[in-house]
Amino acid sequence: MDTPLTTIAVVGLGTMGTGIAEVLARAGREVIGIDISEAAARQAVASLEASTARSVRRERITEQERRAILTRFRTFSDLQAAADAELVIEVVPETYEIKQQVFRELDAVVSPAAILATGTNALSVTRLAAESQHPERVLGLHFFNPAPVMKLVEVVSSVLTAPPAVESVTRLARELGKEPVAVGDRPGFVADGLLFGYLNQAAAMYEANYASREDIDAAMKLGCGLPMGPLALLDLIGIDTARTVLEAMYSASHDRLHAPAPVLGQLSEAGLTGRKAGRGFYTYDSPGGQDVVPDALTPTDSAGAVAGREVSSVGVAGSGTMASGIAEVFAKAGYAVVLAARSQEKADTAKARIAKSLGRSVSKGRLTEEARDETLARITPAGSLDSFADVDLAVEAVAEDLEVKRQLFQTLDKVCKPGAVLATTTSSLPVVAIARVTSRPEDVVGMHFFNPAPAMKLVEVVRTVLTADDVHATVREVCVKVRKHPVDCGDRAGFIVNALLFPYLNNAIKMVEEHYATLDDIDAAMKLGGGYPMGPFELLDVVGLDVSLAIEKVLHGEFRDPGLAPAPLLEHLVAAGCLGRKTGRGFREYARR
């Protein structure tokens with residue numbers, strides 16, 4: 001097992017197998033591609049020819065190097081071709097029956113020193129190893145799609161795997177330019193173990209008609225910086241594949257968050273498995289196509305839609321970072337803004353913060369000095385909410401405390417003129433509970449901006465059962481005017497983004513609690529394997545562990561799902577005052593500024 005892995009067989013030449021073969025051939029390995037389908041083998045060769053031709057055109061490799069790569073890739077239809085391989089990677093369909101048959105047949109073909117790797121992302125490596133006459137040489141080698149691009153490789157050991165086999169494939173992964181992460185054998189491993197729970201919750205959210213597929217996907221891309229929305233990603237992965245992974249995860253965890261949403265089963269049974277079928281959550285231009293085409297569910301501009309109310313002046317209540325950012329957004333868009341705080345001094349400080357922010361934009365060439373001065377001139381700082389008497393839209397951005405917000409809305413109800421829209425920026429509290437303290441709950445709506453407000457494009461527009469149609473329309477129109485992307489959602493805990501984001505973060509903490517993986521490995525897995533801009537623990541420390549715990553408690557309290565209960569480690573860190581970057585210590589330690 002310590003011999004160099006120079007001849008490698010790849011069994012199964014679908015999208016993933018072809019990608020792995022390309023990575024190996026480009027890295028100088030002799031690659032034996034095996035598939036019972038001659039058409040699949042021809043397609044794999046054609047794919048490598050096309051990929052290397054692009055590389056030549058882009059001057060990344062020479063024509064001579066291209067010919068050498070193509071020469072190193074040979075295809076066969078019989079497992080006997082793997083006889084001389086030092087490593088065999090199987091990426092056949094995700095069922096125990098097919099994979100176990102492959103392992104039994106390989107035992108009779110390869111040398112006893114050869115390593116056998118499964119590319120599964122859902123099935124038990126231990127159970128597959130038990131089918132081999134040499135279980136000590138069986139491990140998991142989980143590449144991510146597309147294999148030539150994605151850096152992460154999860155190296156999965158069972159209790160039977162010999163350490164030298166792990167060392168050999170880990171060294172190979174590094175030589176391929178990948179980032180190997182060592183994990184134990186459990187369904188989903190690290191990246192998919194966290195990713196698929198999140199995807200499942202998104203599917204359930206869509207199935208419940210809580211939000212449209214477009215709004216769910218836009219919310220997670222714009223609110224979290226993800227490269228794809230969850231429903232579009234399910235279509236890419238394959239809805240049937242996702243269901244298989246979730247079934248395996250649920251059988252091991254019995255966590256309801258992993259129980260496949262019924263819509264996944266319905267779509268799978270109907271053959272609507274995503275891009276490969278031409279239709280899944282979205283409809284595509286052709287089977288295997290990637291361009292979404294309009295269908296019956298595609299939103300249209302409704303003729304005769306309710307018009308919003310006229311808004312020319314905006315009041316922003318609060319003096320913190322979020323209030324300042326929101327005031328800056330409105331002032332930049334040409335609105336007259338009253339920025340009210342608990343004292344004139346606090347309001348002046350908040351305006352000074354905006355001036356500093358605008359100054360940075362000027363220094364970076366994003367804003368002219370004239371535009372900066374005009375923006376600042378539109379902002380009037382005030383030490384009392386009485387200054388909101390004439391505003392058309394009042395937006396509160398005070399502490400995330402229900403009683404504090406309710407008291408503020410009682411004051412707004414008395415101060416603001418009839419017909420003014422009253423908006424709360426809460427990220428987790430029930431909007432209707434805030435609305436009910438006023439004499440005009442129909443004028444109250446949620447308008448959840450994301451931090452930092454000047455940079456983040458998303459606004460969740462939260463409509464209660466009492467919100468008037470023209471109030472909802474007003475906020476959507478205003479969002480467009482301030483160059484934000486509004487998404488509609490109902491008044492329930494977490495709305496779209498936090499309801500999907502925080503269970504994922506909580507599950508990452510549980511992985512660490514269970515000593516399954518380290519903070520660094522989990523963060524690396526989600527950045528390299530999922531395309532996340534930050535790992536879960538980086539993000540938790542930025543958001544603040546106390547804020548995260550509060551949101552987790554709200555979600556658990558509303559949905560009563562045991563899987564949403566805050567991880568004890570999170571509660572312990574908050575109790576110890578380790579709140580993240582703001583205190584210098586959270587899941588990691590930070591240098592004090």
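This passage describes salt bridges and one helix in a predicted model.

A search of the whole structure identified 29 salt bridges. Three of these pairs are described in turn, together with the setting of each partner.

The first pair lies within a single helix. The side chains of glutamate 63 and arginine 66 form a salt bridge, with a distance of 3.5 Å from N to O. Both residues belong to helix α3, which covers residues 63-71, and because they are 3 residues apart, about one helical turn separates them. Glutamate 63 is partly exposed, its relative accessible area being 35%. Arginine 66, by contrast, has a relative accessibility of 16%; since buried means under 20% relative accessible area, arginine 66 counts as buried.

The second pair joins a helix to a loop. Arginine 213 and aspartate 295 meet through their side chains in a salt bridge with an N to O distance of 2.6 Å. Arginine 213 is located in helix α8 (residues 213-224), whereas aspartate 295 is found in the loop between β10 (292-293) and β11 (313-317), so the pair ties together parts that are 82 residues apart in sequence. Arginine 213 counts as buried, at 3% relative accessibility, while aspartate 295 is partly exposed, with a relative accessible area of 23%.

The third pair connects two loops. A salt bridge is formed by the side chains of aspartate 561 and arginine 256, at 3.8 Å from N to O. This pair links distant parts of the chain, 305 residues apart: aspartate 561 is in the loop between α21 (545-559) and α22 (568-575), and arginine 256 is in the loop between α10 (239-253) and α11 (262-269). The two partners differ in their surroundings, as aspartate 561 is buried, with a relative accessible area of 8%, and arginine 256 is exposed, with a relative accessible area of 53%. Elsewhere, Glu63, Arg66 and Arg67 are joined into one network by salt bridges that share partners.

Attention then turned to helix α7. This helix comprises 17 residues (residues 191-207), which at 1.5 Å a residue should span 24 Å. The C-alpha atoms at its ends are 24 Å apart, in agreement with that expected span. Of the 17 residues of α7, 14 are buried, and the helix is therefore largely enclosed by the rest of the structure. Asparagine 209 follows α7 and has a positive phi, near 60 degrees.

Terms used: Residues numbered from 1 in each chain as written. Predicted model: local features only at pLDDT ≥ 70, side-chain atom pairs only at ≥ 80, totals over all residues. Heavy atoms only, no water. Salt bridge = Lys/Arg side-chain N within 4 Å of Asp/Glu carboxyl O. Helix = DSSP H or I, 4+ residues; strand = E, 2+ residues; numbered from the N terminus. Buried < 20%, exposed > 50% of the residue type's maximum accessible area, 1.4 Å probe, protein only. Expected span 1.5 Å × (residues − 1).
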